[in-house]
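Subject: A structure for you to look at

Hello,

I am handing over the structure we talked about, and I hope you enjoy looking through it. Please open it below, and then read on for what turned up.

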Amino acid sequence: MRVRRRTLLLVLLLLAIGLLDGVLLLRRARYREESARLRAGMSTLERTRADAIVSAQADRAELMLELMRRQAEGDDGLHLAISTDSSYLALDRGPARLRQFIVEIGPERLVGAAPDTMRVAVPRGLRALQRLLTARDRYELPAWVWVDRGLPVPGARADSGWVGPGAIVTTGGTLIYSLPTSGPLADSSYVMPGGIRVPATDLAAIRENLSSGMRVYFF
């Protein structure tokens, strides 16, 4: 009896996966058809300009990231360098790397509940360290964190320890935190969208070198 149930569940799962694949393939085909239809209505000059714009935007983004890397390497002061592509955070002084460790990058996502929604993402460019938090500090999390996790939004959205034993807040509100033991972020499988989660031991190891106003490079 158990074998039959497992077989039935496996068949249903395979059917669901096949249906999902079919839907995705259908959407991809429609997207390609629509793109082809739009391009067919363009003149040769318009198609050339459209392709050039797309290429230029990609090249501009890549150039900006490369310039930010070089700016960080030329900064003789103590600073943090965060690579969102390679998922690491480093404490640097000029080209000298003092410590580097792997981090988890929160996804870019549309958060909140309609009509009050917003898109959050880890920034690119130069920021500054604004606040250093300890396990005793209370830091108010945005209401959309609970919404994103499917949890009811509490009346009080701040409590000590909710961003782990240590955390950094940069200008612009980017949160660099460690895994807490309580609160909405206390889930190893969930990384706050637009945020960065770091190992608590690594953050503790560089904490004495951090200070308000320190430059933080995101690239």
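A good place to begin is strand 2, residues 88-93: 5 of its 6 residues are buried, so this strand is largely enclosed by the rest of the structure. Please keep in mind that this is a predicted model.

**The neighbours of strand 2**

Strand 2 has a partner in strand 1 (residues 78-83); the two run antiparallel and are joined by 6 bridges. If you want one pair to find on screen, Ala-81 has Ala-90 of strand 2 as its bridge partner. Strands 1 and 2 make a hairpin with 4 residues between them, and in that turn Ser-87 has a positive phi of about 55°.

Strand 2 is also joined to strand 3 (residues 96-102), again by 6 bridges and in an antiparallel arrangement. Here you can look for Tyr-88, whose bridge partner in strand 3 is Ile-102. The hairpin of strands 2 and 3 has 2 residues between the strands, and Gly-94 takes a positive phi near 65° there.

**The nonpolar cores**

Which residues touch the most other members of the largest nonpolar core? In this core of 19 residues, they are Leu-80, Leu-89, Ile-176, Ile-196, Val-198, Ile-206 and Leu-210. Strand 1, strand 2, helix 4 (200-206) and strand 13 (215-218) are the elements that each give two or more residues to this core. The most comes from strand 1, which contributes 3 residues.

Ile-176 is worth a click too. Leaving aside residues up to four places away in sequence, Ile-176 touches Ile-82, Leu-89, Ala-167, Ile-168, Thr-170, Ile-196, Val-198 and Phe-218. There is also a second, separate core, made of 18 residues, with Tyr-139, Trp-146, Trp-162 and Val-191 among them.

**The whole protein**

Stepping back, you will find 4 helices and 13 strands in the protein. Of the 219 residues, 32% are buried. Among contacts with a separation of 6 or more, 53% are between residues 24 or more positions apart. The accessible surface comes to about 13,700 Å², and carbon and sulfur atoms account for 56% of that surface.

If you would like a route through the model, start at strand 2, with its 6 bridges to strand 1 and its 6 bridges to strand 3. From there, move on to Leu-89, one of the residues that Ile-176 touches.

Happy exploring, and all the best!

How values were computed: Residues numbered from 1 in each chain as written. Predicted model: local features only at pLDDT ≥ 70, side-chain atom pairs only at ≥ 80, totals over all residues. Heavy atoms only, no water. Buried < 20%, exposed > 50% of the residue type's maximum accessible area, 1.4 Å probe, protein only. Pairing = 2+ DSSP bridges. Core = buried A, V, L, I, M, F, W, Y, C linked by side-chain atoms within 4.5 Å. Contact = heavy atoms within 4.5 Å. Areas by Shrake-Rupley, 256 points an atom, 1.4 Å probe, with all protein chains shown as cover.
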